[in-house]
Amino acid sequence: MNTIELVSHELCPFVQRAVIALTEKGVPFTRTSIDLDDRPQWFKDISPLGKVPLLRVQGEVIFESAVILEYLEETHTPALHPADPIARAKHRAWIEYSSGLLMDNYAFLLAPDAASMLAQRDVIRAKIERLEPVLAAGPYFAGPAFLLVDAAFAPFFGYWDVFERAGDFKVFERAPKVRAWRRALAQRASVRAAFGAQFEALARGAMRKRTSHLLTLLAPHV
Ligand SMILES: N[C@@H](CCC(=O)N[C@@H](CS)C(=O)NCC(=O)O)C(=O)O
């Protein structure tokens with residue numbers, strides 16, 4: 001039997017979207033977590049960009065999370081892309097957009113002072129407001145079905161559940177449909193499983209190792 005292995009890091013949102021897609025499709029997989037601050041040589045040897053996630057399957061290595069999602073889509077049911085080619089192309093484009101937002105989250109999280117943190121908040125808020133007219137009636141991105149595009153965005157919102165313990169940054173204030181979508185994603189079993197009970201504690205630990213203005217605003221974790 002060909003076991004699928006996901007080479008991971010506990011906190012990585014790009015890993016989380018792969019975990020969500022694997023879970024939604026009911027694909028059995030093993031998970032190997034690595035320390036990104038001390039990457040093992042075997043990982044350096046197989047990761048062209050030195051990044052997680054990697055999917056090891058049939059002796060091959062697939063890198064880049066969006067490509068991993070597409071591979072899973074081509075190989076496992078249920079289909080999580082729309083059947084219509086134009087709709088499918090649009091979903092792929094919005095997945096790319098979500099990848100930008102995941103990187104924006106890092107810039108927000110690691111901003112060294114209030115001014116740069118708030119400037120990054122503004123970048124994220126503008127991108128969230130841009131999403132508002134794109135969303136269908138809900139509860140998910142394109143309507144009643146949870147799709148790959150939902151898996152790609154879900155980790156973005158999970159990070160905001162932690163960020164907002166530091167205050168109301170009003171990122172979602174003018175985006176009611178995005179707020180409802182965020183709530184629906186948070187309730188999805190695959191999303192909850194991808195985050196895990198230790199997520200917030202791990203995120204705080206990672207922030208402590210770096211300069212993070214946000215961390216100075218976060219109330220102690222209970
Ligand atoms: N475009 C990549 C981004 C993956 C990525 O940035 N992973 C981070 C962890 S969340 C990483 O491995 N960073 C290590 C590094 O950049 O050196 C993807 O979608 O898979």
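This is a chat about the domains, core, strands, ligand shell and backbone oddities of a predicted model.

User: Hey, before I dig in, is this thing predicted or experimental?

Analyst: It's a predicted model.

User: OK. What domains is the protein divided into?

Analyst: Domain 1 covers 4-75 and domain 2 covers 85-217. Taken over C-alpha atoms, the centres of domain 1 and domain 2 are 20 Å apart.

User: And how many residues of each domain are in contact across the two?

Analyst: 14 residues of domain 1 contact 21 residues of domain 2. On the domain 1 side, helix 1 and helix 3 (65-75) each supply at least two residues. Helix 1 gives the most there, with nine residues.

User: What's the class make-up of that side of domain 1?

Analyst: The side of domain 1 that touches domain 2 has eight nonpolar, two polar and four charged residues.

User: Cool. Which residues in the largest nonpolar core touch the most other members?

Analyst: Those are A18, A21, L69 and L148, out of 50 residues in that core. Helix 6 (residues 148-163) gives the most to the core, with 11 residues.

User: Where does that core lie relative to the domains, and why?

Analyst: It lies between domain 1 (4-75) and domain 2 (85-217), because both of them give residues to it. As background, nonpolar side chains in soluble globular proteins tend to be buried together.

User: Let's zoom in on L69. What is L69 in contact with, leaving aside neighbours within four places in sequence?

Analyst: L69 is in contact with R17, A18, A21, L148, A151 and A152. Of those, A18, A21 and L148 came up a moment ago, as they're listed with L69 among the core residues that touch the most other members.

User: I also clicked on T23. Where is T23 found?

Analyst: T23 is in helix 1, which spans residues 13-24. Leaving aside neighbours within four places in sequence, T23 contacts S190 and A193. The C-alpha atom of T23 is also 11 Å from that of P78, and those two residues are 55 apart along the chain.

User: Why does T23 count as partly exposed?

Analyst: T23 has 18 other C-beta atoms within 10 Å. You'd need 20 or more for buried and 12 or fewer for exposed, so T23 falls in between.

User: Switching topic, I want to set up something around the ligand. Which residues are around the ligand?

Analyst: The shell is H9, C12, F14, L36, G50, K51, V52, P53, E64, S65, A66 and S99. By class, that shell has six nonpolar, four polar and two charged residues.

User: V52 and P53 caught my eye. Is the peptide bond from V52 to P53 cis or trans?

Analyst: It's cis, with omega near 5°. P53 lies in the loop between helix 2 (41-46) and strand 3, and V52 and P53 are both in the ligand shell.

User: And G138 to P139, what joins them?

Analyst: A cis peptide bond, with omega about 10°. P139 sits in the loop between helix 5 (114-131) and helix 6.

User: Now the strands. How do strand 3 and strand 4 pair?

Analyst: Strand 3 (residues 54-57) and strand 4 (residues 60-63) are antiparallel, with four bridges. L54 stands opposite F63 in strand 4, and L55 has I62 as its bridge partner. The two strands form a hairpin with two residues between them.

User: How many bridges join strand 1 to strand 3?

Analyst: Three, and strand 1 (residues 4-8) runs antiparallel to strand 3. E5 stands opposite R56 there.

User: Back to that hairpin turn. What is phi of Q58?

Analyst: Phi of Q58 is near 50°, a positive value in a residue other than glycine. Q58 lies in the loop between strand 3 and strand 4.

User: Is Q58 buried or exposed?

Analyst: Q58 is exposed, with 7 other C-beta atoms within 10 Å.

User: Last one, K170. What's its phi?

Analyst: K170 has a positive phi of about 60° although it is not a glycine. K170 is in the loop between helix 6 and helix 7 (176-187).

User: Why does K170 count as exposed?

Analyst: K170 has 9 C-beta neighbours inside 10 Å, and the limit for exposed is 12 or fewer.

Conventions
Residues numbered from 1 in each chain as written. Predicted model: local features only at pLDDT ≥ 70, side-chain atom pairs only at ≥ 80, totals over all residues. Contact = placed C-beta atoms within 7 Å. Near = placed C-beta within 6 Å. Nonpolar A, V, L, I, M, F, W, Y, C, P; charged D, E, K, R; others polar. Domains from an automatic or database assignment. Core = buried A, V, L, I, M, F, W, Y, C linked by C-beta atoms within 7 Å. Pairing = 2+ DSSP bridges.
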